[in-house]
Amino acid sequence: MTAKLTIRQMCEKYDVTPRTLRFYEAKELLFPIREGQKRLFTKRDRVRLELILRGKRFGFSLEEIRQLLDLYHMENGETAQLAKTYEMAQKHLADMEAQKAELEQAITELKTQMAWGEKQLARLNTDTSVAA
């Protein structure tokens, strides 16, 4: 792979839009090299984008992702970053599991209501056909 990718290559590789990349750049999450109007993304940018996309998929806010990315550049950064990521991940996992439980309960309730509705419709259709 080449050392630097254009915005088009980044979009194709990571299935994002140019607007997304510009947004992350404006939020100081990505730091492409600027050559006039052209943006060139380094390996560092690619790794950061992968982490951003993964963090978003796991429900992390952009601010949380920024904090985690910034930890890497501190003294003992990799350890601090991993520890903080693990701590945040535990919280997000607990939140996701609670949401999953709520969703499963809602699905069960909806199925119950739909079964009741189906019986009511069948009864009403039977009553209507008997009356006719």
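## Arginine 8 and helix α1

At 62% relative accessibility, arginine 8 counts as exposed, because the cut-off for exposed is over 50%. This is a predicted model. Arginine 8 has its place in helix α1, which spans residues 7–14.

Arginine 22 lies 14 residues away from arginine 8 in sequence. In space, the two are 12 Å apart, C-alpha to C-alpha.

## The loop between α1 and α2

Helix α1 (7–14) and helix α2 (18–26) are joined by a loop that holds threonine 17. Aspartate 15 is found in that loop too.

Exposed or partly exposed: what is threonine 17? Threonine 17 has 41% relative accessibility, so it counts as partly exposed. Aspartate 15, at 73%, counts as exposed. Threonine 17 also has a distance to report: isoleucine 7 is ten residues away in sequence and 8.9 Å away in space, C-alpha to C-alpha.

## Two positive phi angles

Most residues other than glycine have a negative phi. Aspartate 15 has a positive phi, near 55°, and is not a glycine.

Glutamate 28 is another residue to check. Its phi is positive, about 60°, although glutamate 28 is not a glycine. Glutamate 28 sits in the loop between α2 and β2. With a relative accessible area of 52%, glutamate 28 is exposed; the cut-off is over 50%.

## The three-stranded sheet

What is the order of the strands in the open sheet? The order is β1-β3-β2, and the pairing is antiparallel. β1 (5–6) and β2 (33–35) are the edge strands, and each pairs on one side only.

Strand β3 covers residues 38–41. Two bridges join β3 to β1, and these strands run antiparallel. Leucine 5 stands opposite phenylalanine 41 of β3.

## Histidine 92 in helix α5

Helix α5 runs over residues 77–131 and contains histidine 92. Is histidine 92 buried or exposed? Its relative accessibility is 10%, so histidine 92 counts as buried. The cut-off for buried is under 20%.

Which side chain makes a polar contact with that of histidine 92? The partner is glutamate 64, and the contact is 3.1 Å. Glutamate 64 falls within the range of α4, residues 62–71. Leaving aside neighbours within four places in sequence, histidine 92 is in contact with Phe58, Gly59, Phe60 and Glu64. Glu64 thus appears both in that contact list and in the polar contact.

## The largest pocket

Rolling a probe the size of a water molecule over the atoms shows where empty space is left. The largest pocket has a volume of about 580 Å³. It is lined by 21 residues. Those closest to the centre of the pocket are Leu51, Arg54, Leu68, Gln81 and Thr85.

Which helices each supply at least two residues of the lining? They are α3 (43–57), α4 (62–71) and α5. Helix α5 gives the most, with eight residues. Helix α5 is also where histidine 92 is found.

By class, the lining has twelve nonpolar residues. Six more lining residues are polar, and three are charged.

Terms used: Residues are numbered from 1 along each chain as its sequence is written. This is a predicted model: local features need pLDDT of at least 70, side-chain atom pairs count only at pLDDT 80 or more; totals for chains, interfaces and linings use all residues. Side-chain values use heavy atoms; hydrogens and water are left out. Two strands pair if DSSP finds at least two bridges between them. Helices (H or I, at least four residues) and strands (E, at least two) are DSSP runs, numbered from the N terminus. Buried means under 20% relative accessible area, exposed over 50%, partly exposed in between (1.4 Å probe, protein chains only). A polar contact is a pair of N or O atoms within 3.5 Å; within protein, one must be able to donate a hydrogen and the other to accept it, and residues adjacent in sequence count only if both atoms are side-chain atoms. Contact means heavy atoms within 4.5 Å. On a 1 Å grid over the protein atoms alone, a cavity is a set of points where a 1.4 Å probe fits but cannot get out, and a pocket is an open set with protein on both sides within 12 Å along at least five of seven lines; lining residues have an atom within 4 Å of a point. Grid points are joined across faces, edges and corners, and a volume is the space filled by probe spheres set on the points. Ala, Val, Leu, Ile, Met, Phe, Trp, Tyr, Cys and Pro count as nonpolar, Asp, Glu, Lys and Arg as charged, and the others, Gly among them, as polar.
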